[in-house]
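Work through the exercises below with the sequence and the model side by side. Try each task before reading its solution.

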Amino acid sequence: MILEIVSPEATLFKGEITSITLPGVDGSFQILNNHAPIVSILNQGTIKIVAPSFKISKDVAGKFTKLNEQTYTLEINSGTIEMKDNKVIVLAD
C-alpha cells in the first residue's frame with residue numbers, strides 16, 4: 001500500500017509500506033494492506049511505519065527515528081488519517 005505523510009511544512013514521506021500503526025483517539029490501531037476504507041482523528045503519539053525500504057529526504061530525516069532497517073517512527077501532536085483504495089494519507093501536525 002502507499003503511504004503519504006503531509007505536515008503544514010512539507011511532505012514528510014511518500015512510498016510503499018507494509019503496515020502503519022497510528023495513535024487514534026480511542027487507542028492505537030494498525031492498518032495493513034487492503035484495509036477497509038477509514039477516516040480517523042489522531043492524538044498526540046507515535047506513528048510506526050514498516051516498509052521494505054525507506055527513502056526519506058535529508059531535510060525531514062531528523063523528524064524520524066530508525067528502529068531497524070524496515071521500521072521507522074514519527075512523533076506527532078495531532079492529525080487525521082484516511083485510508084482508501086490501498087492509499088493511506090496522514091495529515092500530521
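The exercises move from the whole chain to strands, to aromatic rings and then to single residues.

The model is predicted, so that local features need pLDDT of at least 70 and side-chain atom pairs count only at pLDDT 80 or more, while totals for chains, interfaces and linings use all residues. Residues are numbered from 1 along each chain as its sequence is written, and side-chain values use heavy atoms, with hydrogens and water left out.

**Exercise 1. The whole chain**

Task: Describe the secondary structure of the chain, and then its extent, its radius of gyration and its burial.

Solution. Begin with the elements, where helices (H or I, at least four residues) and strands (E, at least two) are DSSP runs numbered from the N terminus. The chain has zero helices and 10 strands, and from the N terminus on the order of elements reads β-β-β-β-β-β-β-β-β-β.

Next, take the extent: along its principal axes the C-alpha trace spans about 30 × 25 × 20 Å. The radius of gyration is taken over C-alpha atoms, and the globule rule is 2.2 Å times the number of residues to the power 0.38. For 93 residues a compact globule would have a radius of gyration near 12 Å, and the chain, with 12 Å, agrees.

Then turn to burial, where buried means under 20% relative accessible area, exposed means over 50%, and partly exposed lies in between (1.4 Å probe, protein chains only). By this measure 39% of the 93 residues count as buried.

Finally, consider contacts, meaning heavy atoms within 4.5 Å. Among the contacts with a separation of 6 or more, 55% come from residues 24 or more positions apart.

**Exercise 2. Strand S3 and its partners**

Task: Find out with which strands S3 pairs, and in which sense.

Solution. Locate S3 at residues 19-24, where five of its six residues are buried, so that the strand is mostly covered. Two strands pair if DSSP finds at least two bridges between them.

S3 pairs with S4 (residues 27-32) in the antiparallel sense over six bridges, and a hairpin of two residues joins S3 to S4. Pro23, for instance, has Ser28 in S4 as its bridge partner.

S3 also pairs with S6 in the antiparallel sense, here over three bridges, and Ile20 has Ile49 in S6 as its bridge partner.

To look at one residue of this strand, choose Ser19, which lies in S3 and is buried, with a relative accessible area of 6%. Leaving aside neighbours within four places in sequence, Ser19 is in contact with Met1, Gln30, Ile31, Leu32, Lys48, Ile49 and Val50.

**Exercise 3. The aromatic rings**

Task: Which aromatic rings form pairs, and how is each pair classified?

Solution. Rings of Phe, Tyr and Trp (its six-membered ring) pair if their centres lie within 6.5 Å; planes under 30 degrees apart count as stacked, over 60 as edge-to-face and the rest as tilted. This rule gives two aromatic pairs.

The ring centres of Phe13 and Phe54 are 5.6 Å apart and their planes stand at 50°, so this pair is tilted. It links distant parts of the chain, since Phe13 belongs to strand S2 (residues 11-16) and Phe54 to the loop between strand S6 (45-50) and strand S7 (64-68), 41 residues apart. Phe13 is buried at a relative accessible area of 3%, and Phe54 counts as buried at 16% relative accessibility.

Phe54 also pairs with Tyr72, with 4.2 Å from centre to centre and 45° between the planes, and this pair is tilted. Tyr72 is in strand S8 (residues 71-76), 18 residues from Phe54, and both Phe54 and Tyr72 are buried. As the last step, join the pairs: they link Phe13, Phe54 and Tyr72 into a cluster.

**Exercise 4. Two single residues**

Task: Decide whether Ser7 and Leu91 are buried or partly exposed, and list what each touches.

Solution. Ser7 lies in the loop between strand S1 (2-6) and S2, and with a relative accessible area of 10% Ser7 is buried. Not counting residues up to four places away in sequence, Ser7 touches Leu12 and Ala92.

Leu91, found in strand S10 (residues 87-92), counts as partly exposed at 44% relative accessibility. Apart from neighbours within four places in sequence, Leu91 is in contact with Val6, Ser78, Gly79 and Thr80. Leu91 and Leu3 are 88 residues apart in sequence and 11 Å apart in space, C-alpha to C-alpha.
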